[in-house]
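Please read the following report alongside the sequence and the coordinates. It deals with a contact between chains, a pair of strands and some backbone details.

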Amino acid sequence: MADQHIDAVELERGLRERARRIRRASLRMVHAARMGHPGGDLSSADILAVLYFHALRVDPARPKDPGRDRFVLSKGHASASLYATLAQAGFIPAGQLDSFMKPLSPLNGHPNRNEVPGVEANTGPLGHGLPVSVGMALAAKMDRADWRTFVLTGDGELQEGSNWEAIMSAAQFRLDNLTAIVDRNGLQQGNATESTMGLEPLPDRWRAFGWSVAEVDGHDVSELARTFDAVPFEAGRPSCVIARTHKGRGVSFIEDRVGWHHRVPTDEELAAALEELGGEVG
Amino acid sequence: MVAVANDSIGSSKLAEFERRFPERLVNVGIAEQNLVGVSAGLASAGKIPFTCGASCFLTGRALEQIKADLAYSRHNVKLCGMSSGMAYGELGPTHHSIEDLAWTRAIADLTVIVPADPRETAHAVRAAAALDGPVFLRISRMPVPEVHGAEQEFEVGRAIPLKDGSDLTIVAAGVTVSRALEAAKLLEEDGISAAVLNLSTIRPIDRDSIARAAARGPIVTVEEHTVQGGLGGAVAEVVVTSHPTRMRLLGVPGCFAPTGSPEFLLERFGLHPQGIRDAARSLVRG
């Protein structure tokens, strides 16, 4: 019992450190490139940390292993956070992060599976990741393979109708090997989601489409870990994790501010942000 | 190999596939964006999807998915655009696919093939399966005669010269190929020697064959497609940059078709042997 408690504390501490490093690296990358989507990078950092350092069965030494779990970043504009995660996980060299969005760099503003080991789908236009993930999960079912598919969407992204075609089909095909995570940070480019094109009641909508839904604190790494450990929530149904997050989480002057969808931090802002985030260089 | 359809199992002629391989048929219902996205996902896990639907909806509704999830992602999906051109005739322009070549040939890394007859369609399907990368097969529905000999081989990217000629070349693809051959016969009666070239691969285009034809003389292109941006445009791009020569582009003249059967509409737009003959004659003599 005591051992389990210590393990849980260790797990939490380790994952929080991973997430911190993802945040630091993402902000550095966006600052150096003078372009990017820091708000959405920061809101996804904990989710990515728990996926890559706890839940996903992936091996950086074998990025094309047919038996690997698949992760699709459907909100492809959060590419800096994905690259930062892949670097920490050993899929790409950490030094390559400096090339983010530089001319001819494989680290494009949106991820490219043909250029970056560990990237599974060329996302960017919103609403593409879910259909592609359905196809992946379907292939696994056809092959009776036990690898899982995870996909992370934004919430504004769910305004695209193509998502709902995929959401319908995942339930129809009984894809309990598919888990969708929604980065529910409440904001999109111009404004709050609810004053633009409201998504609530979001959990009810997914349930109505035949998914099994859990709502979690998207910044509680332990809760995220427990939740991902529990998929599929129900046999025969795909799983949806609605992660309540804050856009720009981790930096006080970015958190929950609409203007930070694709705003680049100044030198001073970067320094202040890294100071707030704390930790070593990474 | 799997088949993916948008509720179109009957019209995509997949009933036999469904009977024999039910576990390999995926029906996504009336949802073309999901159709193409799911196909990309299946391909990423090693399947070879043949993805079928009416060409007008498959290309129009899911064009961005074709661009991003297939071409840019390099996913090994074979799109089968059924009932292309004006095959749906009386059902009207919403169901006509006379822009699909213009749309798809503009997308990098997408192979675009327009088979001319049943045998070439079978060859093209096999060639698409063997090719590594996304393919768009533009399938017709009108009955057409076989225009090739039984021994004719098919090679992606290679135009097939069906008839030699010295005065001009008629370049066609799909249902217009047999009509071009009929037109060439009529032109002989006028003392005009017309070559006929089956340009079954629109992308990557056989530049050499077109350049050779342009060096020989004028060119008439014939397509069941708008004259703006399709086969004619593709050929013109090569002609102008290799051996400029006079051309006539035959097809749907930049309008939506009125009500009519496919045969009626093709005739109305001059896409029958007599119409092709008239255009060729005026090009050579004019």
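The report begins with conventions, then turns to the contact, the strands and the backbone.

This is a predicted model, in which local features need pLDDT of at least 70 and side-chain atom pairs count only at pLDDT 80 or more, while totals for chains, interfaces and linings use all residues. Residues are numbered from 1 along each chain as its sequence is written, and chains are lettered from A and ligands numbered from 1 in the order in which they are written.

**The contact between the chains**

Chain A gives 23 residues to the contact and chain B gives 23 residues, two residues being in contact if their C-beta atoms, placed from the backbone, lie within 7 Å. On the side of chain A that touches chain B, at least two residues each are supplied by helix H4 (129–142) and helix H5 (161–172) of chain A; helices (H or I, at least four residues) and strands (E, at least two) are DSSP runs, numbered from the N terminus. H4(A) provides the largest share of that side, namely ten residues. By residue class, the side of chain A that touches chain B comprises twelve nonpolar, eight polar and three charged residues, where Ala, Val, Leu, Ile, Met, Phe, Trp, Tyr, Cys and Pro count as nonpolar, Asp, Glu, Lys and Arg as charged, and the others, Gly among them, as polar.

**A strand covered on both faces**

In a regular strand the side chains alternate between the two faces of the sheet. Strand S1 (residues 70–73) of chain A is covered on both faces, with A:Arg70 and A:Val72 buried on one side and A:Phe71 and A:Leu73 buried on the other. A residue is buried if 20 or more other C-beta atoms lie within 10 Å of its own, exposed if 12 or fewer, and partly exposed in between, with C-beta atoms placed from the backbone. S1(A) pairs with S2(A) in the parallel sense over four bridges, pairing being assigned if DSSP finds at least two bridges between two strands. A:Arg70 has A:Thr149 as its bridge partner in S2(A).

**Backbone details**

Two peptide bonds that precede proline are cis, as tabulated here.

| Cis peptide bond | Omega | Place of the proline |
|---|---|---|
| A:Glu200 to A:Pro201 | near 0 degrees | loop between helix H6 (193–196) and helix H7 (202–208) of chain A |
| B:Arg203 to B:Pro204 | near 0 degrees | loop between strand S10 (201–203) and helix H8 (207–216) of chain B |

A:Arg144, although not a glycine, has a positive phi of about 55 degrees; A:Arg144 lies in the loop between H4 and strand S2 (149–154) of chain A and is exposed, with 6 other C-beta atoms within 10 Å. A:Asp256, also a residue other than glycine, has a positive phi near 65 degrees. The loop that holds A:Asp256 runs between strand S5 (239–244) and helix H9 (267–277) of chain A, and A:Asp256 counts as partly exposed, with 16 C-beta neighbours inside 10 Å.
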